[in-house]
Amino acid sequence: MKALVYDAYGPPESLRFEEVERPVPRGDEVLVKVRAVGLNASDWETLTGRPLYARVGGPRRPRHRTLGSDIAGVVEAIGPAVTTVAVGDEVFGDNLDKMGGFAEYAIARERVLALKPPGLSFAQAATLPQPGVIALQGIRTKGAVRRGQRVLINGAGGGTGAYAIQLAKLDGAEVTAVDNAEKQDFMRSAGADQVVDFTRTDFTRAGDRYDLVLDLAGHHSVLSHRRALSAGGRYLWVGGSVGTMLQVLVAGPLVGRQRILVVRPNTTDLLTMASLCVSGALTTHIDREYALAEVPAALRHLGDGHALGKVIISLT
Ligand SMILES: NC(=O)c1ccc[n+]([C@@H]2O[C@H](COP(=O)([O-])OP(=O)(O)OC[C@H]3O[C@@H](n4cnc5c(N)ncnc54)[C@H](OP(=O)(O)O)[C@@H]3O)[C@@H](O)[C@H]2O)c1
């Protein structure tokens with residue numbers, strides 16, 4: 001089968017096509033014929049090896065030769081211990097543990113896969129695994145947002161942000177979305193009440209206070225976060241600089257109500273998000289679809305900050 005591989009951290013152009021042996025599922029493994037893959041910031045980070053936390057499990061060389069975690073496709077074969085899916089089932093899931101989505105076939109553990117609702121296309125399903133579950137856990141699971149509360153989402157113009165804005169609006173919050181100038185209209189179209197261009201305005205110095213700051217691109221200090229929180233307000237760091245992550249980890253609980261959101265991928269949350277999409281309560285935002293051979297260009301589009309919503313790789 002064809003797979004995009006790499007052996008050293010580097011730019012997207014270092015990926016190359018290779019003919020590799022099609023894997024055989026063992027134990028609880030499932031072989032999925034890949035139909036769509038959603039690109040995430042984590043693909044870019046694991047490709048380039050930056051920030052340094054992206055090298056966990058592979059300090060010098062990448063842990064996986066083929067990237068691509070958020071897969072949607074059709075079950076081609078199953079290992080002997082698999083009980084929840086069968087050959088021919090349409091499935092989707094977050095395959096962060098094994099990756100391998102940038103290929104014609106990928107191996108995934110049974111527990112990371114859910115049955116794809118017929119109401120979602122493969123491309124739509126591939127927008128959900130990582131971003132949908134981060135958004136759900138950020139807005140709902142870790143202390144639900146209440147009607148009328150003020151929520152700020154930093155880095156809201158990406159794949160996760162589009163879902164987080166919509167969920168917060170669905171739950172009755174007033175939403176402020178922060179990202180670069182190119183993404184302001186997109187964030188409004190996803191439902192944000194106010195938008196902020198971080199290249200012009202620092203939200204921690206603008207004088208506004210929020211009940212929840214969900215930070216997908218955290219680069220400020222814990223003291224800066226405190227300036228932006230209302231009495232009883234909470235700050236959740238999801239992604240961004242290692243410096244901010246460490247500060248929040250060590251000083252967040254001391255300064256008060258600031259912590260790291262460690263996202264736990266699971267199919268229950270994934271299916272909750274999928275059913276919200278099928279019902280029309282949430283909209284999937286697909287920026288562009290690329291072919292498998294175009295993964296380097298797709299990653300470049302994402303990594304250079306041009307993506308509005310999700311970038312999807314579609315295979316026939
Ligand atoms: N905590 C966990 O367990 C966990 C698990 C999985 C993933 N993550 C993290 O979750 C984050 C969200 O992922 P995603 O897929 O939604 O990423 P994404 O699609 O790249 O979106 C992030 C957005 O933040 C913007 N941004 C960059 N720097 C910014 C700044 N200084 N201020 C405000 N916005 C800024 C980006 O703009 P540009 O495109 O212009 O850069 C982009 O629009 C990633 O950092 C990922 O590593 C965390």
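P51 turns up in the loop that runs between α1 (41-48) and β4 (70-78). What makes the spot worth a look in this predicted model is the peptide bond leading into the proline: from R50 to P51 the bond is cis, with omega near -5°.

Two other loop residues stand out for their backbone angles. M99, which is not a glycine, still has a positive phi of about 55°. Its place is in the loop between β5 (90-94) and β6 (105-109). Is M99 buried or exposed? With a relative accessible area of 4%, M99 falls under the 20% cut-off, so M99 counts as buried. R257 is the other case: a non-glycine residue, again with a positive phi of about 55°. R257 sits in the loop between α7 (242-255) and β13 (258-260).

Turning to the interior, the largest nonpolar core has 47 residues, and the members that touch the most others are L128, I139, I153 and I165. Helix α4 (residues 159-170) supplies the largest share of this core, with six residues. Where does the core lie relative to the domains? Both domain 1 (2-127 + 284-314) and domain 2 (137-260) give residues to it, so the core lies between them. A general tendency fits here: in soluble globular proteins, nonpolar side chains tend to be buried together.

L128 gives a feel for the packing in this core. Once its neighbours within four places in sequence are set aside, L128 is in contact with F92, L120, V133, Y163, L270, M273, A274 and C277. Apart from the largest core there is another one, made up of 33 residues, including V32, W44, A106 and L113.

Then there is the pocket side of things. The second largest pocket comes out at a volume of about 260 Å³. Its lining consists of 16 residues, and M1, P23, G100, Y105 and I107 are the ones closest to the pocket centre. Which elements give two or more residues to this lining? They are β1 (2-5) and β6, and β6 gives the most, with three residues. As for chemical character, the lining of the second largest pocket splits into 10 nonpolar, two polar and four charged residues.

Strand β6 thus ties two of these threads together: the loop holding M99 lies between β5 and β6, and β6 is also the top contributor to the lining of the second largest pocket.

Definitions and conventions: Residues numbered from 1 in each chain as written. Predicted model: local features only at pLDDT ≥ 70, side-chain atom pairs only at ≥ 80, totals over all residues. Heavy atoms only, no water. Core = buried A, V, L, I, M, F, W, Y, C linked by side-chain atoms within 4.5 Å. Buried < 20%, exposed > 50% of the residue type's maximum accessible area, 1.4 Å probe, protein only. Helix = DSSP H or I, 4+ residues; strand = E, 2+ residues; numbered from the N terminus. Domains from an automatic or database assignment. Contact = heavy atoms within 4.5 Å. 1 Å grid on protein atoms, 1.4 Å probe; cavity = no way out; pocket = protein on both sides within 12 Å on 5 of 7 lines; lining within 4 Å. Points joined across faces, edges and corners; volume = space filled by probe spheres on them. Nonpolar A, V, L, I, M, F, W, Y, C, P; charged D, E, K, R; others polar.
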